[in-house]
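Me: I have just opened a structure that is new to me, and I'd like to go through it with you piece by piece. Here it is.

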Amino acid sequence: MGVNIEPERFEQLVQRAFDALPKSLQLENLPILIDEEQLKPTGKPNEFIAGEYFGCTHKNLGWHECAVAKRVVVYKKAVELGAHNEKEVLASLVTLLAHEIGHALGFDEQKLRELGVTLVP
Ligand SMILES: [Zn+2]
């Protein structure tokens, strides 16, 4: 397992994954950022966080959370580690973006699981 993709190419794949999402998930004003360096463990052996959503959600509008700039961060290294080839990278990016944007819309892990957008490999 594991691929190594040029940063520019990876950016294109993230854009392609975003374009493949249903229009209802293509939120405006929600930057999708790529972190090329960090590899954050999930707590389980050899499992790393592929993406994170930062910011308040539609259900959680406390001022403190809202003070955080809304954004989705994609952890390039974790995505690469979980894939055998570019096709798998693209597929996991589609699920990842749907999942993280789902959080922005206020869905919790359980709801996302019901909807079939889980990140567990
Ligand atoms: Zn999640």
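Me: What span should the 19 residues of α4 have, and how far apart are its end C-alpha atoms?
Reply: Bear in mind that this is a predicted model. At 1.5 Å a residue α4 should span 27 Å, because the expected span counts one less than the number of residues, and its end C-alpha atoms are 27 Å apart, in agreement with that value.

Me: And what does α4 lie across?
Reply: Helix α4, residues 86-104, lies across β1, β2 and β3, and it runs at about 20° to β2.

Me: Which of its residues are buried?
Reply: The buried residues of α4 are V89, S92, L93, L96, L97, A98, H99, E100, I101 and H103. What covers them includes α1, the strands β1, β2 and β3, and also α3 (76-81) and α5 (109-114).

Me: Take L97, then: what is it in contact with, beyond its neighbours in sequence?
Reply: Leaving aside the neighbours within four places in sequence, L97 is in contact with A17, F18, L21, I32 and V72.

Me: OK, new topic. How are the strands ordered in the sheet?
Reply: The 3 strands form an open sheet with mixed pairing, in the order β1-β3-β2. Its edge strands are β1 (32-35) and β2 (51-54), each of which pairs on one side only. Ignoring direction, neighbouring strands of this sheet are turned by 25° against each other on average.

Me: Do β1 and β3 run parallel or antiparallel, and how many bridges join them?
Reply: Strands β1 and β3 (residues 71-75) run parallel and are joined by 4 bridges; the bridge partner of I34, for instance, is V74 in β3.

Me: Which of those strands does α1 touch?
Reply: Helix α1, residues 7-20, packs on the sheet and touches β1 and β3, with its direction at about 145° to that of β1.

Me: How many residues are in the largest nonpolar core?
Reply: That core has 19 residues, and those with the most contacts inside it are L13, V14, V74, V79, L93 and L97. At least two residues each come from α1, β3, α3 and α4, and α4 gives the most, with 6 residues.

Me: Zooming out, what is the order of elements along the chain?
Reply: The protein chain has 5 helices and 3 strands, which run α-β-β-α-β-α-α-α from the N terminus on. Of its 121 residues, 22% count as buried.

Key:
Residues numbered from 1 in each chain as written. Predicted model: local features only at pLDDT ≥ 70, side-chain atom pairs only at ≥ 80, totals over all residues. Pairing = 2+ DSSP bridges. Axes fitted to C-alpha atoms, helices over the stretch in contact; angles between N-to-C directions. Contact = placed C-beta atoms within 7 Å. Buried ≥ 20, exposed ≤ 12 C-beta atoms within 10 Å, placed from the backbone. Core = buried A, V, L, I, M, F, W, Y, C linked by C-beta atoms within 7 Å.
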